Amino acid sequence: MKHLLGVIGQPRAMLEELLQLSDSFAEVNARAIPKVPALRGRTVATLFFEDSTRTRLSFETAAKRLSADTLSFSVSSSSVKKGETLRDTALTLQAMRIDAIVVRHASSGAPWQLARWLDCSVINAGDGWHEHPTQALLDCYTLRRHFGSLDGLRIAIVGDIKHSRVARSDVWAFTALGAEVTLVAPRTLLPPSLEGWPVQVSEDLDRVLGSSDVVYLLRMQRERQHEALVPSLREYTARFGLTRDRAERLADRAVVLHPGPMNRGVEIAPEVADLDRCLVLDQVANGVTVRMAVLYKLLAGSAADPHDAVGDEAWGPIRSGGSDG
Ligand code: NCD
């Protein structure tokens, strides 16, 4: 495996392998010093053409915990402002002997294009409305840790499906791992065609609520909406928001997920976002773990054994105050 571009079309076994590998790194993250030398000498660059808080910090944290060096490229302060093309920017990074480029871009397909141009590994950190594979992996990992398995889980994905790369990747990953997915949204926030999507669709959150194990809320992506797709945000909240009243009607074991950033008061009531059953911060913590697994899988080489990488012996010198790469 050289790149992680998407999860759509990936077999269950590949997803499970990455989730299993994540367990080794969850163990590392629970240590007093959560750092191993597994990727010492490797360099990971983040190349973000769109805003991000958690995805970028999460990849950088993951790379540092594996002792890789990190470079962070910000479009707003780069030569892209002077008209440099994506290809030239990427080749420039590669010429600095970068091992992996983590890319977020507003154009769907940009990571695939980079993978054709470059010799280094490419990881998709979100491309347009298309895919966000590490978000899907961290969501699966969060549910697997909470419920033991995704098999048979009933998951409602609620909100702006049309503009959501998270929804596209999650639908595939959740169903590949055995969950049943229902999309809940007004028609205007669904993609024009759902042909081939392994999902049920509902326009009535209240009907789906009581029978869901997981309510996955999406952000209203106002920066991607160029027309009035809902009459008003207040009306959206009234029909599709997880209000306090709706949260009280959730099944006992149900949990709430959100990829962040949350619009408190729009898709989720402020007090619901702070409930124990809202696993948003678990998602963030698991994001680092899963991204460590992905970087390790792509960069450590096929012969590497994760037990060697995370075992006490391998990281002993760090714990005893030695070099941290
Ligand atoms: C999402 C994204 O940017 O795709 N956020 C994230 O990566 N955690 C979802 C969003 O912006 O709504």
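**Warm-up: a pair of strands**

Find strand E5 (residues 154-158) and strand E6 (residues 180-184) in this predicted model, then work out how many bridges join them and in which sense they run.

*Solution.* Start with the count: five bridges hold E5 and E6 together. Next, follow both strands along the chain, and you will see that they run parallel. To fix the register, take Ile155: its bridge partner in E6 is Val181.

**The sheet around that pair**

Work out the order of the strands in the sheet that holds E5 and E6, and say which strands sit at its edges.

*Solution.* Step across the sheet strand by strand, and you read E7-E6-E5-E8-E9. These five strands make an open sheet with parallel pairing. Now look for strands that pair on one side only: these are strand E7 (199-202) and strand E9 (255-257), the edge strands. Finally, consider the twist, which averages 25° from one strand to the next.

**A second sheet**

Do the same for the sheet that contains E1: what is the strand order, and which strands lie at the edges?

*Solution.* Here the order is E2-E1-E3-E4, an open sheet of four strands with parallel pairing. The edges are E2 and strand E4 (121-127), each of which pairs on one side only. From one strand to the next, the average twist is 15°. Now zoom in on one end of the sheet: strand E3 (residues 100-105) and E4 share five bridges in the parallel sense. Among the partners there, His105 is matched with Asp127 of E4.

**Following a crossover**

Trace the chain from strand E1 (residues 43-48) to strand E2 (residues 69-74); which helix does the chain pass through, and is the crossover left-handed or right-handed?

*Solution.* Begin with the strands themselves: E1 and E2 run parallel and are joined by six bridges. One partnership to mark is Leu47 with Phe73 of E2. Between E1 and E2 the chain passes through helix H2 (residues 54-65), giving a right-handed β-α-β crossover. Then see where H2 lies: across E1, E2, E3 and E4, at about 160° to E2.

**One glycine and two helices**

Locate Gly287, decide whether Gly287 is buried or exposed, and describe how helix H5 (residues 133-147) packs against H11.

*Solution.* Gly287 sits in helix H11. Its relative accessible area is 1%, under the 20% cut-off, so Gly287 counts as buried. Beyond neighbours within four places in sequence, Gly287 touches Ser58 and Leu138. Now widen the view to the helices: H5 and H11 pack at about 115°, with axes 8 Å apart, and their crossing is right-handed. Residues making this contact include Leu138 and Tyr141 of H5, and Gly287 and Val290 of H11. Helix H11 (residues 280-299) also lies across E1, E3 and E4, at about 150° to E4.

**Unusual backbone geometry**

Compare the settings of Ser67 and Arg97: in which loop does each lie, and is each buried or exposed?

*Solution.* Start with the backbone angles: phi is near 70° for Ser67, a positive value in a residue other than glycine. Arg97 is not a glycine either, and its phi is about 65°. Next, place them: Ser67 is in the loop between H2 and E2, and Arg97 is in the loop between helix H3 (86-95) and E3. Last, check accessibility: at 1% Ser67 is buried, while at 72% Arg97 is exposed.

**A loop with a cis bond**

Look at the loop between E9 and helix H10 (270-273): which residues does Asn263, found there, contact?

*Solution.* Leaving out neighbours within four places in sequence, Asn263 contacts Arg219, Met220, Arg222 and Ile268. With a relative accessible area of 18%, Asn263 is buried. Pro261 lies in this loop too, and the peptide bond from Gly260 to Pro261 is cis, with omega near -5°.

**How far to trust it**

What is the mean pLDDT of the chain, and which stretch falls below 50?

*Solution.* The mean is 91, and 92% of the residues reach 70 or more. Residues 313-325 fall below 50, although this stretch has 26 contacts in the model beyond near neighbours in sequence. Where pLDDT is low, predicted coordinates should not be read in detail.

Methods:
Residues numbered from 1 in each chain as written. Predicted model: local features only at pLDDT ≥ 70, side-chain atom pairs only at ≥ 80, totals over all residues. Heavy atoms only, no water. Pairing = 2+ DSSP bridges. Right-handed = clockwise from strand over helix to strand, strands pointing away. Axes fitted to C-alpha atoms, helices over the stretch in contact; angles between N-to-C directions. Contact = heavy atoms within 4.5 Å. pLDDT = per-residue confidence, 0-100. Buried < 20%, exposed > 50% of the residue type's maximum accessible area, 1.4 Å probe, protein only. Left-handed = near helix turned anticlockwise from the far one by under 90°.
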